[in-house]
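Let's take a walk through this protein together. Please have the sequence and the 3D view open as you read.

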Amino acid sequence: MLPILTLLTCVLDWGRQNGALISESIAIRPTVYGGKGMFATEDIPASTELIRIPDRLQLGVTQLAEGDDAEMQDLARSLPWRDVIDRGLTFLPAAISVCAELRRGDASVFCDYLRMIPAEYSNAVAPWDGTGDGDDPPPSLSTSAPVVAAAVGARRRTMRLVHDRLAPPSLSLRDLCWASAVVTSRAFTRARPRVPAPGRIGHIAAADATRILPAIDACNHGGPEGANAEVKNRDGGGPDPHSASLLSTRAIAAGEEVLLDYSGGRGLANDKLLLDYGFVLPENRHDTAALRLVEDLLPALPTIDGERAGMQNVAAEDLAEIQALIVAVAASPAARAQGTPVLFGPNGRPSLPTLALALALSCRGPGDVARILAPVREARGTPDGDDSPSDLLLKKIVFGADGGHQELAGVALRAAAAAALVRMSLSSDAPSGAGAFDDMARQYCDTHRETLQRAAMEV
């Protein structure tokens with residue numbers, strides 16, 4: 001079992017006692033929205049180093065590889081990497097490292113730090129403990145946001161599989177899930193981490209760049225717009241080239257919260273925030289809404305059948321080529337990067353691969369087919385041409401379609417979004433789960449509904 005976690009001392013004091021450089025200009029205080037955060041106690045100029053965490057205080061696979069917990073080392077070395085990557089569980093090596101430090105107890109330099117961390121988390125894998133129907137995602141997600149529900153279910157099932165097949169009896173599933181939640185909500189991906197020798201944990205685990213940076217991890221998420229600090233390697237070739245520093249990116253006034261951008265400038269949609277961090281932002285300008293190709297978009301196509309009579313005049317070989325393009329776009333790097341072939345942005349507009357996919361599905365006849373296939377055939381004849389559509393090719397497909405075809409694709413996408421909204425309204429009486437993650441899942445469904453409402457009107 002996990003130790004009872006009590007606040008023994010402020011994490012900033014723990015850092016100072018163990019060799020971290022901590023500015024006297026910051027303090028940990030309660031936030032107005034719940035929980036705690038880091039605040040400036042006096043005016044802080046831009047480019048000020050607020051915290052520097054030496055390499056030895058960065059918790060990750062280095063401690064695991066250089067330690068003596070053979071059971072945890074064996075677990076890291078035997079991870080099923082294809083499933084781990086496909087299910088978004090790349091946090092597992094660092095989570096196993098956290099478990100190993102917990103097992104060391106007072107012998108670990110991180111012992112007091114880990115005791116300060118809350119005993120309960122609210123993200124996709126914690127405080128879930130795999131009992132009963134625990135593999136199932138919250139009912140609100142299953143009925144209102146099935147794409148996200150599938151991601152939650154996949155994470156939980158794979159966590160259970162890894163634990164049941166590979167973990168030693170001394171490691172409970174609950175402890176592994178707690179450590180995983182600690183990593184996903186608190187850790188950073190380092191640009192230049194110290195890479196340990198792979199012998200004890202394997203080459204893939206040893207290459208993991210995830211590190212928990214105590215004290216720095218007290219900073220909350222401000223997004224690209226609200227962040228006023230960043231994490232960087234400051235020393236370069238200095239005495240501790242792998243140290244990590246928290247630097248102010250602009251002047252921070254006394255009393256202002258010190259905020260990071262967890263996304264590194266890209267912005268995080270609410271599904272990512274929910275899955276990894278266990279919260280959502282009600283007005284998130286980076287939010288998205290995901291639908292499914294087979295279950296959501298294809299059933300919407302009959303709404304435009306009246307405009308597609310000319311497809312009976314398309315040559316069989318051209319039809320086959322269009323069908324192959326649909327499959328290729330759905331599996332393209334751009335579609336995989338967004339997590340689903342059908343995605344709407346915060347303004348309700350479809351992503352590039354989504355619009356290209358809708359255009360391929362909504363051709364009205366030989367003319368539309370020829371315009372859609374022209375850039376595909378052109379790309380096929382180039383030295384770099386392959387079967388996986390690039391972003392450039394997707395843009396050529398979209399901009400090569402005429403206005404009428406683009407409008408028809410928009411009709412199909414609006415119909416898919418509208419049908420998803422109907423499904424959400426019909427399922428509003430679905431049973432609600434209990435727990436913090438279930439509560440946050442319901443909030444996510446509210447933001448998901450708002451984005452779909454914009455998609456139903458503005459495509």
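The report below covers confidence, charged pairs, a pocket and a few single residues.

## Confidence in the model

This is a predicted model, so a look at its confidence is a good place to begin. Across the protein the mean pLDDT is 90, and 92% of the residues reach 70 or more. The start of the chain needs some care: over residues 1–9 the pLDDT stays under 50. For that stretch the model has 19 contacts beyond four places in sequence.

## Salt bridges between separate parts of the chain

Side chains of opposite charge can pair when their charged atoms come close. In this structure there are 28 salt bridges. One of them joins Arg 194 to Asp 55, with 2.8 Å between the closest N and O atoms. The two partners come from distant parts of the chain, 139 residues apart: Arg 194 sits in the loop between β5 (187–189) and α10 (203–206), while Asp 55 belongs to the loop between β4 (49–53) and α2 (61–66). Arg 194 counts as partly exposed because its relative accessibility is 28%, whereas Asp 55, at 13%, counts as buried.

Another pair is Arg 103 and Asp 69, whose closest N and O atoms are 2.7 Å apart. Arg 103 is part of helix α5 (residues 92–104) and Asp 69 is in the loop between α2 and α3 (70–77), so this salt bridge ties together parts that lie 34 residues apart in sequence. How accessible is Arg 103? Its relative accessibility is 33%, so Arg 103 counts as partly exposed. Asp 69 has a relative accessible area of 15% and is therefore buried.

## A further pair and a network

Arg 250 and Glu 256 also form a salt bridge, and here the closest N and O atoms are 2.6 Å apart. Arg 250 is partly exposed, at 36% relative accessibility, and Glu 256 is partly exposed too, with a relative accessible area of 23%. Elsewhere, salt bridges with shared partners bring Asp 318, Glu 321, Arg 377 and Arg 380 into one network.

## The second largest pocket

The second largest pocket holds about 1200 Å³ of space. Its lining is made of 33 residues, and those nearest the centre are Gly 35, Lys 36, Pro 118, Arg 186 and Asn 220.

Which elements supply at least two residues each to this lining? They are β3 (36–40), α6 (111–116), α9 (173–186), β7 (220–221) and α20 (436–458). By residue type, the lining of this pocket divides into 19 nonpolar, 10 polar and four charged residues.

## Three buried residues

Thr 62 takes us back to helix α2. With 4% relative accessibility, Thr 62 counts as buried. Beyond its neighbours within four places in sequence, Thr 62 is in contact with Arg 194, Pro 196 and Arg 211; Arg 194 is the residue that forms a salt bridge with Asp 55.

Ser 25 is found in the loop between β1 (21–22) and β2 (26–30), and its 11% relative accessibility is why it counts as buried. Setting aside neighbours within four places in sequence, Ser 25 has contacts with Phe 39, Ala 40, Thr 41, Glu 42 and Ile 44. Leu 359 lies in helix α16 (residues 352–361) and is buried, with a relative accessible area of 0%. With the same neighbours left out, its contacts are Ile 372, Ile 397, Val 398, Ala 401, His 405, Gln 406 and Ala 409. Leu 359 and Ala 412 are 53 residues apart in sequence, with a C-alpha to C-alpha distance of 9.4 Å.

## Positive phi outside glycine

Two residues are worth a look for their backbone. Ser 47 is not a glycine, yet it has a positive phi of about 65°. Ser 47 is in the loop between β3 and β4 and counts as exposed, at 56% relative accessibility.

Ala 215, in the loop between β6 (210–212) and β7, also has a positive phi, near 80°. Is Ala 215 buried or exposed? Its relative accessible area is 0%, so Ala 215 is buried.

Key. Residues are numbered from 1 along each chain as its sequence is written. Side-chain values use heavy atoms; hydrogens and water are left out. pLDDT is the predictor's confidence in each residue, from 0 to 100. Contact means heavy atoms within 4.5 Å. A salt bridge is a side-chain nitrogen of Lys or Arg within 4 Å of a carboxyl oxygen of Asp or Glu. Helices (H or I, at least four residues) and strands (E, at least two) are DSSP runs, numbered from the N terminus. Buried means under 20% relative accessible area, exposed over 50%, partly exposed in between (1.4 Å probe, protein chains only). On a 1 Å grid over the protein atoms alone, a cavity is a set of points where a 1.4 Å probe fits but cannot get out, and a pocket is an open set with protein on both sides within 12 Å along at least five of seven lines; lining residues have an atom within 4 Å of a point. Grid points are joined across faces, edges and corners, and a volume is the space filled by probe spheres set on the points. Ala, Val, Leu, Ile, Met, Phe, Trp, Tyr, Cys and Pro count as nonpolar, Asp, Glu, Lys and Arg as charged, and the others, Gly among them, as polar.
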